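Here is a short tour of one protein chain, written for someone who likes to check contacts and angles against the coordinates. Have the viewer open as you read.

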Amino acid sequence: MAKLSTEELLEQFKGLTLIELSEFVKAFEETFEVTAAAPVAVAGPAAAGGGAAAEEAEEKDSFDVVLEAAGDKKIQVIKVVRELTSLGLGEAKAVVDGAPKAVLEGANKETAEKAQAALVEAGATVTLK
């Protein structure tokens, strides 16, 4: 098996859904008996002052796509949620029925905007946070 470079690995991970990535992290932790948590990252933003928070908002690189309402084309919205998340039919329906609810969390700007556009096109009301 050829060894993948860091860039090649990152490209592979970009293709995974959040659920698949979560399952990979769990398997990685079990295989290598490590924890992938980064407690230092939590302490960093908490120490920042109020001025830094305004700066952060402008340079935000992680977005949550929140489904506010399904609209009158609920079936189309469920289909789009399934495409975006790889959830099963029942799980996707639960997300749509439970609106407002996050469809994607921690997505990059481009992914979040594409997801928002697809959901709006299907008839949903969506916000990026």
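Let us begin on the outward side of helix α5, where I75 and E83 are exposed. Please keep in mind that this is a predicted model.

**Helix α5 and its two sides**

Helix α5 runs over residues 74-85. Its 12 residues reach 16 Å from the first C-alpha to the last, close to the 16 Å expected at 1.5 Å a residue. Which residues of α5 are buried? They are V77, I78, V80, V81 and T85. These residues sit on the same side of α5, because they cover an arc of only 165° around the axis. I75 and E83, by contrast, are exposed on the other side of α5.

The buried residues of α5 have several packing partners: the helices α2 (18-32), α6 (89-97) and α7 (109-121), together with the strands β1 and β2. Just after α5 comes S86, with a positive phi near 65°.

**The sheet**

Two of those partners, β1 and β2, also belong to an open sheet of 3 strands, ordered β2-β1-β3 with antiparallel pairing. Strands β2 (101-107) and β3 (125-128) are at the edges with a single partner strand each, so one side of each has no neighbour in the sheet. On average, neighbouring strands in this sheet are turned by 20° against each other, direction ignored. Strand β1 covers residues 63-69 and pairs with β2 in the antiparallel sense over 4 bridges. If you would like a spot to look at, V65 stands opposite L104 in β2.

**Salt bridges**

Side chains of opposite charge can pair when their charged atoms come close. The structure holds 4 salt bridges, including these:

| Pair | N to O distance | Helix | Separation |
|---|---|---|---|
| E11 and K14 | 3.3 Å | α1 (residues 6-14) | 3 residues |
| K93 and D97 | 2.7 Å | α6 | 4 residues |
| K114 and E110 | 3.1 Å | α7 | 4 residues |

How exposed are the partners in these pairs? In α1, E11 counts as partly exposed because its relative accessibility is 49%, while K14, at 64%, counts as exposed. In α6, K93 is partly exposed at 39% relative accessibility, and D97 is partly exposed as well, with a relative accessible area of 41%. In α7, both K114 and E110 are exposed.

The α6 pair also has a wider link: K74, K93 and D97 are joined in a network of salt bridges.

How values were computed. Residues numbered from 1 in each chain as written. Predicted model: local features only at pLDDT ≥ 70, side-chain atom pairs only at ≥ 80, totals over all residues. Heavy atoms only, no water. Pairing = 2+ DSSP bridges. Axes fitted to C-alpha atoms, helices over the stretch in contact; angles between N-to-C directions. Expected span 1.5 Å × (residues − 1). Buried < 20%, exposed > 50% of the residue type's maximum accessible area, 1.4 Å probe, protein only. Arc of directions from axis to C-beta. Contact = heavy atoms within 4.5 Å. Salt bridge = Lys/Arg side-chain N within 4 Å of Asp/Glu carboxyl O.
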